[in-house]
Amino acid sequence: MKVTIKKIAEEAGVSVTTVSNVINNRSHRVSKEKLALINSIIKKYNYTPNLNARSLVKAPSKLIGLIYYSKRHSKDIVNPFVSEILSGVEYEAKKQDYFVLFHNVQNVEDLIKIQTNWQFAGFVIVGVPSNLFKEIDSLLEVPVVYIDTVLDAPDLRTALSNPNTMFVNTEDAELEAIATNHLIENGHKKIGFVSRGFLENEPSVNEQRYAGYKKALTENGISELHKIERSKEIGFETYLEVLKNLTAVVVSEDFLAIELINFLKEQQIELSVVGIDDIAFASLVEPPLTTIRIDHTEKGVIAINKLIANISESFTGQYTSVNGELITRQSVKNINASAELKE
């Protein structure tokens with residue numbers, strides 16, 4: 001019976017890429033136990049690599065995987081946040097003669113299948129949950145740039161000990177504090193925080209933005225916190241009485257802020273709203289949305305440049321933080337000024 005790399009991979013319980021890397025002496029990310037197991041299987045079958053196949057494996061790949069982690073089964077490319085990152089990745093990759101394969105994944109198994117079936121030069125991965133990061137990062141055998149993947153300080157230090165692991169993030173707590181302070185400066189004290197579901201004790205973009213909201217309130221002597229979590233199962237209707245008792249909200253993403261503005265119109269509730277991202281639709285909604293502008297297209301460009309530099313063994317720094325700026329529009333009202341006019 002002819003023995004193939006695929007059969008060795010199946011028997012060892014690893015990917016074809018892992019076996020190829022062991023055969024070609026690129027096993028620095030393979031555990032000692034797996035390395036010994038793969039070599040024992042190769043020896044058992046007296047396996048000799050096909051020279052033509054080896055030349056293909058050794059040929060430098062020009063394919064970059066853009067992976068978006070989502071709990072939903074449909075691709076989130078319709079979300080402007082995702083499409084803007086994709087635009088930056090594709091634009092810069094094309095300039096440097098690389099090709100991009102976009103894929104939405106819901107679990108680790110999806111990522112294993114992708115890596116098994118394609119030969120990638122590297123990955124750009126968006127939104128990996130902190131509780132899955134270690135498992136995902138240990139599976140990847142090429143350089144990776146993570147976008148908007150938030151880790152606690154010890155885990156981040158451990159991740160950065162691997163030169164193939166890089167990050168492009170935003171100072172989310174700081175930016176959400178800016179958004180909350182803008183509302184406070186406009187006279188608001190009853191301020192809510194609106195986001196999709198998250199755990200307060202688990203590092204994530206939403207957890208960081210909630211922390212920034214709380215910090216701004218605390219520093220201004222405001223003790224009331226109002227957390228509103230929107231999900232597929234829980235709509236804004238659930239929080240109708242809460243919303244009626246607020247004067248303003250900060251929202252963890254523009255897409256959700258626009259949904260909320262439309263809901264508030266239906267319910268004839270007047271609230272000041274601040275988002276974060278400044279997606280293309282933010283200026284088109286009525287009223288136009290005050291938001292924190294983050295250049296997600298630039299995030300994609302930075303990620304690709306870092307990745308290709310790493311592939312070519314040029315060190316550019318492993319952690320990059322992208323800044324944001326407050327963009328004021330008509331969705332925030334100065335209630336102090338309104339009160340003065342009434343008087």
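**Exercise 1.** Is the crossing of α1 and α3 left-handed or right-handed? Work out the geometry and the make-up of this helix pair.

*Solution.* Keep in mind that this is a predicted model.
- Start with the axes: those of α1 (residues 5–12) and α3 (residues 32–45) come within 10 Å and cross at roughly 130°.
- That angle makes α1 oblique to α3, because angles over 145 degrees would be needed for roughly antiparallel.
- As for the hand, the crossing of α1 and α3 is right-handed.
- Now look at who touches whom: α1 brings Lys 7, Ile 8, Glu 11 and Ala 12, while α3 brings Lys 34, Leu 37, Ile 38, Ile 41, Ile 42, Lys 44 and Tyr 45.
- Sort the residues of this contact by type and you get 7 nonpolar, 4 charged and no polar.

**Exercise 2.** Take the sheet that holds β1 and find which strands stand at its edges. Then place the helices that pack on it.

*Solution.*
- Lay out the strands: 6 of them make an open sheet, ordered β2-β1-β3-β4-β5-β11, with parallel pairing.
- β2 (99–105) and β11 (319–322) each have a single partner strand, so these two are the edges.
- Going from one strand to the next, the twist averages 20°.
- Zoom in on one pair: β3 (residues 122–126) and β4 (residues 144–147) run parallel and are joined by 4 bridges. Phe 123 has Val 144 in β4 as its bridge partner.
- Helix α5 (residues 80–95) touches β1 (63–69), β2, β3 and β4, and its direction makes about 155° with that of β2.
- Helix α8 (residues 153–160) touches β5 (165–170) and β11, at about 135° to the direction of β5.

**Exercise 3.** Do the same for the sheet that holds β6, then decide whether Thr 180 is buried or exposed.

*Solution.*
- Here 6 strands form an open sheet in the order β7-β6-β8-β9-β10-β12, and the pairing is mixed.
- The edge strands, β7 (227–230) and β12 (324–327), each pair on one side only.
- Inside the sheet, β6 (residues 191–196) runs parallel to β8 (residues 248–251), with 4 bridges between them; Phe 193 stands opposite Val 250.
- Add the helices. α9 (residues 172–185) lies across β6, β8, β9, β10 and β12, at about 165° to β8. α10 (residues 205–219) lies across β6, β7, β8, β9 and β10, at about 175° to β6.
- Thr 180 sits in α9. Leaving aside neighbours within four places in sequence, Thr 180 is in contact with Ile 191, Tyr 213, Ala 216, Leu 217 and Val 250.
- Its relative accessibility is 0%, so Thr 180 counts as buried.

Conventions
Residues are numbered from 1 along each chain as its sequence is written. This is a predicted model: local features need pLDDT of at least 70, side-chain atom pairs count only at pLDDT 80 or more; totals for chains, interfaces and linings use all residues. Side-chain values use heavy atoms; hydrogens and water are left out. Axes are lines fitted to C-alpha atoms, for helices over the stretch in contact, and angles run from 0 to 180 degrees between N-to-C directions. Angles under 35 degrees count as roughly parallel, over 145 as roughly antiparallel, 65 to 115 as roughly perpendicular and the rest as oblique. A crossing is left-handed if the near helix is turned anticlockwise from the far one by less than a right angle, and right-handed if clockwise. Contact means heavy atoms within 4.5 Å. Ala, Val, Leu, Ile, Met, Phe, Trp, Tyr, Cys and Pro count as nonpolar, Asp, Glu, Lys and Arg as charged, and the others, Gly among them, as polar. Two strands pair if DSSP finds at least two bridges between them. Buried means under 20% relative accessible area, exposed over 50%, partly exposed in between (1.4 Å probe, protein chains only).
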